[in-house]
Amino acid sequence: MTDELSILGIECFAHHGVFDHERRDGQVFRIDLTLAVDTAPAAASDDLRDTVDYGSLVDQVVAAVTRDPVDLIETLAQRIADTCLLDTRVEWVRVTVHKPDAPIKATFADVQLTITRRREAAGVGDRTGKAEGPA
């Protein structure tokens with residue numbers, strides 16, 4: 001049995017994008033996370049050490065988003081997934097990167113990319129994109 005922990009709407013200001021003005025001026029990115037975690041040990045012990053500390057995880061994700069600019073949200077999403085999978089209790093992670101101020105010459109509400117990455121038997125996230133969802 002795996003439970004799902006979601007953290008939605010993490011707001012970060014960063015300088016990602018392929019255009020010079022995106023790198024220079026920066027923009028807001030919003031991140032949604034869903035983690036597959038067995039919460040039974042924490043429920044039994046009522047001890048933060050027995051679960052994923054989502055406060056610390058958010059700090060790590062914000063640091064991952066705000067460092068080293070990249071061109072593509074695909075690269076950024078993978079970086080975030082890798083950060084989440086550093087905790088061995090996370091079986092898989094679903095990451096959505098929202099880029100509401102993307103440089104598009106039309107009225108639009110949001111640009112978003114969602115990826116799902118699974119911990120492999122060796123303890124490394126699947127970077128092939130073949131893990132398309134939970135279970």
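**Helix α3, His 16 and some salt bridges**

Modeller: Glu 22 has a relative accessible area of 4%, so Glu 22 is buried. This model is predicted.

Colleague: Which residue forms a salt bridge with Glu 22?

Modeller: Side chains of opposite charge can pair when their charged atoms come close. For Glu 22, the closest N and O atoms of the pair are 2.7 Å apart. That is within the 4 Å cut-off for a salt bridge. The partner of Glu 22 is Lys 99.

Colleague: How many residues apart are Lys 99 and Glu 22?

Modeller: Lys 99 sits in the loop between β3 (92-98) and β4 (112-118). Glu 22 belongs to helix α1. The pair therefore links distant parts of the chain. The separation is 77 residues.

Colleague: Is Lys 99 buried or exposed?

Modeller: The relative accessible area of Lys 99 is 9%. The cut-off for buried is under 20%. So Lys 99 counts as buried.

Colleague: How many salt bridges does a search of the whole structure find?

Modeller: One of them joins Arg 24 and Asp 25, with the closest N and O atoms 3.0 Å apart. Arg 24 is exposed at 56% relative accessibility, and Asp 25 is partly exposed at 44%. Another joins Asp 68 and Arg 67, at 3.1 Å. Across the whole structure, the search finds eight.

Colleague: How far apart are the end C-alpha atoms of helix α3?

Modeller: Helix α3 covers residues 54-66, which makes 13 residues. At 1.5 Å a residue, α3 should span 18 Å. The model agrees: the end C-alpha atoms are separated by 18 Å.

Colleague: Within what arc do the buried residues of α3 fall?

Modeller: The buried residues are Leu 57, Val 61, Ala 64 and Val 65. Look down the axis of α3: they line one face of the helix, because their arc is limited to 95°.

Colleague: Which elements are included in what covers the buried residues of α3?

Modeller: The buried residues to be covered are Leu 57, Val 61, Ala 64 and Val 65. Their cover includes two strands and a helix: β1 (3-14), β2 (27-37) and α4 (73-84).

Colleague: Which residue caps the N-terminal end of α3?

Modeller: Look at the backbone nitrogen of Gly 55. A side-chain oxygen lies 3.1 Å from that nitrogen. The oxygen belongs to the capping residue, Asp 53.

Colleague: Which residue with a positive phi follows α3?

Modeller: Its phi is near 35°. At 48% relative accessibility, this residue counts as partly exposed. The residue is Asp 68.

Colleague: Is His 16 buried or exposed?

Modeller: His 16 lies in the loop between β1 and α1 (20-25). Its contacts beyond four places in sequence include Glu 22, Phe 29, Leu 76 and Lys 99. The relative accessibility of His 16 is 3%, so His 16 is buried.

Colleague: Which backbone nitrogen does the side chain of His 16 reach at 3.0 Å?

Modeller: A polar atom of the His 16 side chain also lies 2.6 Å from the backbone oxygen of Val 65. The nitrogen in question, at 3.0 Å, is that of Val 70.

Colleague: What distance separates the C-alpha atoms of Pro 69 and His 16?

Modeller: Pro 69 lies in the loop between α3 and α4 and is partly exposed, at 43%. Pro 69 touches His 15, His 16 and Arg 23, not counting residues up to four places away in sequence. Pro 69 and His 16 are 53 residues apart along the chain. Their C-alpha atoms are separated by 4.8 Å.

Technical notes:
Residues are numbered from 1 along each chain as its sequence is written. This is a predicted model: local features need pLDDT of at least 70, side-chain atom pairs count only at pLDDT 80 or more; totals for chains, interfaces and linings use all residues. Side-chain values use heavy atoms; hydrogens and water are left out. Helices (H or I, at least four residues) and strands (E, at least two) are DSSP runs, numbered from the N terminus. The expected span of a helix is 1.5 Å times one less than its number of residues. Buried means under 20% relative accessible area, exposed over 50%, partly exposed in between (1.4 Å probe, protein chains only). The arc is that of the directions from the helix axis to the C-beta atoms. Contact means heavy atoms within 4.5 Å. A polar contact is a pair of N or O atoms within 3.5 Å; within protein, one must be able to donate a hydrogen and the other to accept it, and residues adjacent in sequence count only if both atoms are side-chain atoms. A salt bridge is a side-chain nitrogen of Lys or Arg within 4 Å of a carboxyl oxygen of Asp or Glu.
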